Amino acid sequence: MQKIRLKVIITVFCLCSIINYAQKARDYQLVTVAFYNLENLFDTENDPVTFDDDRTPEGKDRWTLAIYQDKLAKMAEVIKQIGPENAKMPPVIVGVSEIENRRVLEDLISQSPLLPWDYGIVHYDSPDRRGVDTGLLYQKKYFQLISSTAHELLLYDPENNNTRIYTRDQLLVTGLLAGEKVHFIVNHWPSRSGGEARSQPRREAAAYLNKKIIDSIRSKEPYAKIITMGDLNDDPKNSSVKSILGAKGSLKKLGLQDLYNPMDAFAKKGLGTLAYRDGWNLFDQIILTTAWFSKDYTSFQFYKAGIFNKKFLQTPSGPYKGYPFRSFANGSYTGGYSDHFPVYVSLIREYAN
């Protein structure tokens with residue numbers, strides 16, 4: 001009986017040794033993809049083409065060079081930290097919105113927290129009246145740019161003789177993420193100005209455009225790895241996201257050509273990325289195609305998602321305690337960060353040593 005027991009122990013020990021060796025023989029590569037609304041990151045110069053007059057030293061906001069530089073430093077420090085606790089580096093990909101031009105992105109990636117990571121920039125000037133655009137930052141070491149295009153969202157106001165409503169483009173960026181072909185779409189959909197119901201058709205139009213871009217990619221690459229992200233000015237439950245874009249919050253209900261929205265689960269828990277009138281909204285979302293869920297870990301797969309809402313990003317006191325610590329309020333600079341929390345997804349793949 002003792003011999004049999006000893007044999008079992010030896011067998012189990014050998015099996016554990018094999019498993020441990022196999023685990024040691026493999027390694028995992030973890031990368032973060034993030035989105036951050038930078039809350040009106042403007043330079044200090046007056047652009048005669050756009051309505052940026054307030055964000056100048058002479059304007060209403062008294063937007064001085066010192067304030068601009070402080071804002072840059074704070075945005076850079078946040079971006080450096082975005083990701084899960086086990087991330088070993090800043091996000092490889094960062095989609096951004098509410099940036100005035102390419103120059104502010106150049107100034108941003110030149111800040112000391114981001115400079116060592118050698119970020120590249122994808123940016124196009126959009127027709128938005130305020131002059132705010134979307135953009136994408138990428139670590140050149142891990143992402144090789146193949147192509148980029150700006151997709152114009154054509155909107156007209158039926159209540160004002162169908163005059164053109166100028167808004168942000170949707171930015172499509174294609175490249176190789178550590179050798180794998182991927183596509184990123186950066187969005188900043190029309191706001192709720194004028195009321196949620198009245199402005200809803202504009203965001204639904206944005207959702208149709210986003211779906212059109214995704215479908216055009218899939219017509220050539222049926223199982224393309226696509227991530228669409230941005231400030232959608234709608235929650236995961238709204239028709240623009242849930243019905244038109246077709247983003248689902250459950251992996252169990254995911255079909256081959258569906259989209260998965262990991263932010264849906266956070267919203268159902270009452271979490272958000274911005275707060276308004278004592279309520280939370282989760283406008284900042286990252287949505288993925290099903291190709292990120294194949295379980296083939298020799299290629300990048302979805303690992304986890306998160307809202308980056310660390311304590312230092314929250315308003316420290318007062319009636320808005322816990323809300324995003326915005327950089328501008330009541331007509332003056334607060335020394336805060338943004339009125340939105342960043343969001344992120346982590347991607348993981350396995351490779352043998």
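Just after helix H2, Gly83 takes a positive phi of about 140°. This description rests on a predicted model, in which local features need pLDDT of at least 70, side-chain atom pairs count only at pLDDT 80 or more, and totals for chains, interfaces and linings use all residues. Residues are numbered from 1 along each chain as its sequence is written, and side-chain values use heavy atoms, with hydrogens and water left out.

The helix itself is a good place to start. Helices (H or I, at least four residues) and strands (E, at least two) are DSSP runs, numbered from the N terminus. H2 covers residues 65-81, and at 1.5 Å a residue its 17 residues should span 24 Å (1.5 Å times one less than the number of residues). Its end C-alpha atoms lie 25 Å apart, which agrees. Among the residues of H2 that are buried (under 20% relative accessible area, 1.4 Å probe, protein chains only) are Ile67, Tyr68, Lys71, Leu72 and Met75. The cover over the buried residues of H2, by contact (heavy atoms within 4.5 Å), includes strands S1 (26-41), S2 (93-99), S3 (119-123) and S18 (332-333), together with helix H3 (102-109).

Two of these strands lead on to strand S4 (residues 133-139), where seven of seven residues are buried. Asp133, Gly135, Leu137 and Gln139 point one way from S4, while Thr134, Leu136 and Tyr138 point the other way. Strands count as paired if DSSP finds at least two bridges between them. S2 runs antiparallel to S4, joined by six bridges, and Val94 stands opposite Leu137. S3 also pairs with S4 in the antiparallel sense, over five bridges, with Tyr119 opposite Gln139.

Technical notes:
Buried means under 20% relative accessible area, exposed over 50%, partly exposed in between (1.4 Å probe, protein chains only).
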